[in-house]
Amino acid sequence: MSSSPSASGATPVTEAGPLSLCEREPRVPADRLVAEMVPPPRFDSVRFATYIPDPGQPSQTQAVQVLEGFATGLGGAHASGAGRRGFLGFGRAKAPKVPAGPRGVYLDGGYGVGKTHLLASLWHATPAESSRKAFGTFVELTNLVGALGFQQTVQTLSGHSLLCIDEFELDDPGDTVLVSSLLGRLVEGGVALAATSNTLPGKLGEGRFAAADFLREIQGLSAHFRPLRIDGQDYRHRGLPEAPAPFSDEQVTKAAYTTDGASLDDFPHLLEHLAKVHPSRYGALTDDVKAVCLTDVTPVPDQSTALRLVVLADRLYDREIPVLASGLPFDRLFSEEMLNGGYRKKYFRAISRLTALARDAKGLVGS
């Protein structure tokens, strides 16, 4: 996109002006939703070989060894047609020959020990075409069911060799039952499973998510999972980082006009717009966006809005899109009641991720 001088002749601006997320209402076909279930861009290049185990934590080395063997064992999954549907693709899927023993692994570890790195490495190492293995967060999986419906999701994923679920969450009993039922159907079809869960930074003092909780909540599926404990210190930080100070409306607006591919939106209006877009489309909402600029950041008014913002924060973080904002700092987005409630893990994750993206955005503002 070319640029031209501003009215004052001092600042180059994009001719068309910045983008607006509020003006976008993407329509995403089902095949794209499934095709996008791959490790996020920041994990494109990770492999088991790039995971550096802590010499003082032997469980990390053991986890790599077990996962490498697990990936190798998936080479024959569905390879001979097992799990395919009947003649011309219709009818009930034929029961595959499922190897004995657990067909799933659960990575049980604290915050920041590299679980997502290992999960993405498993996806990359599994000898199957990308179209026959899926990777997504727990929230993305529930959103997929919401967009496609339960039966179509089962049909779509049942031919896969592997389904990786990052950040498995138990804070919503309804979603837990939904995903547990889905996984049960997929296991019947011969799909191998791998899951992680994410705990909060040490500030919350809750420690590890705990495999016992996971196995109890998924009930009948527990026999299909082998828990892998991954001990270690958070390689990133302890506690939530302090959010950088917000910029002025003028600084944010100027940056939006001088940054190619930037969007510019009023934060309260964006929150209202998110209610009109299904969360499964939040990734498409950010297509071709290089930076997100927000003015007038204010406290999130209610829990439904807050949960939608969490999903958007995840998609921005996955795509490494910097976020420049005016108004309140991101660590003041959620009320104390929210941060002490049942969805606190989601909110602290959103704060942590938006804070990281705000730090990435500092360079958009000229000195």
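Begin by selecting Gln-303, Ala-306, Leu-307, Val-310, Ala-313, Asp-314, Leu-316, Tyr-317 and Asp-318 in helix α11, and then add the residues they meet in helix α13, namely Lys-346, Tyr-347, Arg-349, Ala-350, Arg-353, Leu-354, Ala-356 and Leu-357. Sorted by class, this contact of α11 with α13 holds eleven nonpolar residues, one polar residue and five charged residues. Keep in mind throughout the tour that the model is predicted.

With both helices still selected, show α11 as residues 303–318 and α13 as residues 344–360, whose axes come within 9 Å and cross at roughly 45°. The two helices are therefore oblique to each other, and the crossing of α11 and α13 is left-handed.

Stay on α11 for a moment and pick Thr-305, which also has its place in this helix. Thr-305 counts as buried, at 7% relative accessibility, and, if residues up to four places away in sequence are not counted, Thr-305 touches Leu-271 and Val-300.

Next, turn to the aromatic rings, for which the count comes to two pairs. In one of them, the rings of Phe-138 and Phe-168 have centres 4.8 Å apart and planes at 55°, so this pair is tilted. Selecting the two residues shows a link between distant parts of the chain, since Phe-138 belongs to helix α4 (residues 138–148) while Phe-168 lies in the loop between β5 (162–166) and α6 (173–188), 30 residues apart. Both partners are worth viewing with a surface switched on: Phe-138 is buried, with a relative accessible area of 2%, and Phe-168 is buried as well, with a relative accessible area of 1%.

The other pair to select is Phe-334 with Tyr-347, where the ring centres are 4.7 Å apart and the planes stand at 20°, so the pair is stacked. Here too distant parts of the chain are linked, with Phe-334 in the loop between β10 (323–327) and α12 (336–339) and Tyr-347 in helix α13, 13 residues apart. Phe-334 counts as buried at 5% relative accessibility, and Tyr-347 counts as buried at 0%. Tyr-347 will be familiar from the opening selection, where it was listed among the α13 residues that meet α11.

Now go back to Phe-138 and display α4 together with α6, the axes of which come within 10 Å and cross at roughly 80°. These helices are therefore roughly perpendicular to each other. To see the contact itself, select Phe-138, Leu-141, Thr-142 and Val-145 of α4, and Asp-175, Thr-176, Leu-178, Val-179 and Leu-182 of α6. The residues of this contact divide into six nonpolar, two polar and one charged.

For the last stops, look at the backbone. Glu-167 has a phi near 60°, which is a positive value in a residue other than glycine, and its place is in the loop between β5 and α6, the loop in which Phe-168 is also found. At 3% relative accessibility, Glu-167 counts as buried.

Finally, move to Asp-288, whose phi is near 65°, again a positive value in a residue other than glycine. Asp-288 is found in the loop between α10 (282–285) and β9 (291–297), and, at 63% relative accessibility, Asp-288 counts as exposed, whereas Glu-167 counts as buried.

Note on methods: Residues numbered from 1 in each chain as written. Predicted model: local features only at pLDDT ≥ 70, side-chain atom pairs only at ≥ 80, totals over all residues. Heavy atoms only, no water. Axes fitted to C-alpha atoms, helices over the stretch in contact; angles between N-to-C directions. Helix = DSSP H or I, 4+ residues; strand = E, 2+ residues; numbered from the N terminus. Parallel < 35°, antiparallel > 145°, perpendicular 65-115°, else oblique. Left-handed = near helix turned anticlockwise from the far one by under 90°. Contact = heavy atoms within 4.5 Å. Nonpolar A, V, L, I, M, F, W, Y, C, P; charged D, E, K, R; others polar. Phe/Tyr/Trp six-rings, centres within 6.5 Å; stacked < 30°, edge-to-face > 60°. Buried < 20%, exposed > 50% of the residue type's maximum accessible area, 1.4 Å probe, protein only.
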